[in-house]
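Biologist: Could you take one part of this protein and go through it closely with me? I would like to see how a helix sits against what surrounds it.

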Amino acid sequence: MTWSLDFAPLVPLWLIIALACVAAVLMGLALWRRQRGTLVRTCAFAALLLALLNPAVEREEREPLSSVVALVADHSQSQDLDGRRETTDKTVAALKTRLEALPNVEVRVIDAGRARSDLQNDGTALFGPLNQELADVPPDRIAGAIVVTDGQVHDIPENAGALGFNAPLHALITGHANERDRRVVIERAPRFGLVGKQQQVRLRVAQAGQGLDAAPARMTVRRDGEEIDSRMVAPGVTVDIPVEITHGGQNIFEFEVEPLEGELTTLNNRAVITVDGVRENLRVLLVSGEPHAGERTWRNLLKSDAAVDLVHFTILRPPEKQDGTPISQLSLIAFPTRELFSVKIDDFDLIIFDRYKRRRVLPILYFDNIARYVRDGGALLMATGPEYAEAGSLYRTPLATVMPAEPSGRILEEPFLPRISALGQRHPVTRGLPGSRGETPDWSHWFRLIDTVDHQGEVVMNGPEDKPLLILDRQGKGRVALLLSDHVWLWARGYEGGGPHVQLLRRLAHWLMKEPDLEEEALRATSRGHELTVERQTLGDTVDPVEITGPTGEKRTVTLQQAEPGLWRTTIRTDDIGLYSVSDGERTALANIGPANPREFADVLSSPKPLTPLAEATGGSVRRLEGRGEEPDIPRVVALNRATSYAGSGWLGLKMTESSVLKGVDRLPLFIGFLGLAILLGLISATWYREGR
């Protein structure tokens, strides 16, 4: 409650000043002429002027506002190390109790530094949540902020003015002063690389702490979880390590250095980079045995793909076709059999025989080269017609050793709808082809199928009498596909509405060339924000649970749910950033949440240095919580009204606010009403009495 004197003039102030001046002149003349009653007249004039000023006594009833103290708890991933989280929780709980015991203090506990949604700006963020929590509090009500952290904060304001309030900032540092750590620092890494080529990764091993030496440490290099290199690396020395890009898509490389004795953590002993593999143009050799209606289908499909370099030959003049025309007059390109099937055969990613039959164009030796090419990792696609069932079949060559089915000699010529087999419903080449849903496929009929016996491999499409139509097989390191009909061109021409020839043939070609997304048995892990998605592709009916290992070593087992035939999936929420490993016992997949090498683990040693300049600029302090035994040394909290420094030995201070809120005002006029009238009449009467004597 406060008292004050207030004036509310009844007439304009300039008029009161003018009257006061006139009264002062008149009273001055009266005093100079020594007239009787001058003093009484002066008092009467003064009372009149005071009444015109309308003085009043005001009483204000105010309620003091509480002082707000922010208590920030750092729960970032680096706080999980060496018991820091336990120390933080104990300190925050103790400080909260002490602060709440202070009169007229409001405590706001802020849990910060964990599970950020913005993964592009990684690191420990404490001042962003602090400013957000205090956004509704006037700056003069803030008594200070106490931050419990390991000191590794990545959003520290540049100066005290950018802090947002004029009060002390105190930092209590977890961890120990004698910590030591070793980490891998990536200085330069490629983002893209050509498949089959090497890229250089520049890195160094950094060490920090007490009592360290410069002895070399062993570094292990892994690609997609498999070890590919091991070498000794001296700490502090920059080295270039070559890595080979083996497949398209993400190639995940890990660089792990052996642990340092007594180091704080091994989490940052491993650095991860992701290199997107980009294939050079795929080289495809297409050999058509004769001109036919489906030849253009293959050519148009392959030529439309900008990533494919196509070499196409059609046998227009086989040796048995002799019409007497001199060779010099023929406008035909000689078939370079030796160059294609002997010298440069390994340069091709895929060889396609389209309705080809033996006509003494290719010597038997070259078919043996093709079989060897397949077993060594090549890809062969046989698009067959009636010639596969005849005497000139390529099955009567050394290619039989890699072919998945033998022709029976029978040709079925009748309308039929190609159907995806039960196995094909789960195979990535044929799963979900447009028009395949439902009991009857929504595409056109074909009219010819080459019958076979003794199949091996995977039958993914069937024809009439449930005969194999498309067979996929592995031979050695390579792959073979056998399409037992030459009527796929009916889909391309739109007969009866056509069919998904582009999707089928493109998937088929990419499966043959070992596209990772089309593997029959695969385990994949992908990330989006803080969500980790695990997929299991299989031809089986069930899948086993998978074990997920987080960046801190924490393991959890999850069960996958069937999303569609042959594809099982689950998505989980993750809190930690870093590399996650997913394993089903046989296969391992890797995925990275957030940046490949987060700032959170770039430097994990606790330190008071980052926060010291800001704390000292506000009159606060930075000190370690190391105490005797396992209990932290928590300082006392002192409330101060005004001070130049808010910290001392064993204590830290808060700047208490003087803010209040007005609840009511009482006003008592002094010269209005009977009191003012009585005083004024009394003085006038006294003047009349004095003059009447």
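Modeller: What follows is a close look at one helix, α3, and its surroundings. The model is a predicted one, in which local features need pLDDT of at least 70 and side-chain atom pairs count only at pLDDT 80 or more, while totals for chains, interfaces and linings use all residues. Residues are numbered from 1 along each chain as its sequence is written, and side-chain values use heavy atoms, with hydrogens and water left out.

Helix α3 covers residues 84-101, 18 in number, and reaches 26 Å from its first C-alpha to its last, close to the 26 Å expected at 1.5 Å a residue; helices here are DSSP runs of H or I with at least four residues, strands are E runs of at least two, and both are numbered from the N terminus. The expected span is 1.5 Å times one less than the number of residues.

The buried residues of α3 are Arg-84, Thr-87, Thr-88, Thr-91, Val-92, Leu-95 and Leu-99, where buried means under 20% relative accessible area, exposed over 50%, and partly exposed in between, with a 1.4 Å probe and protein chains only. These buried residues lie on the same side of α3 because they cover an arc of only 125° around the axis, the arc being that of the directions from the helix axis to the C-beta atoms. On the face turned away from that buried side, α3 carries the exposed residues Thr-97 and Ala-101.

The buried residues of α3 pack against the strands β3 (67-74), β4 (105-112), β5 (142-149), β6 (169-173), β34 (636-640) and β36 (651-655), with contact meaning heavy atoms within 4.5 Å.
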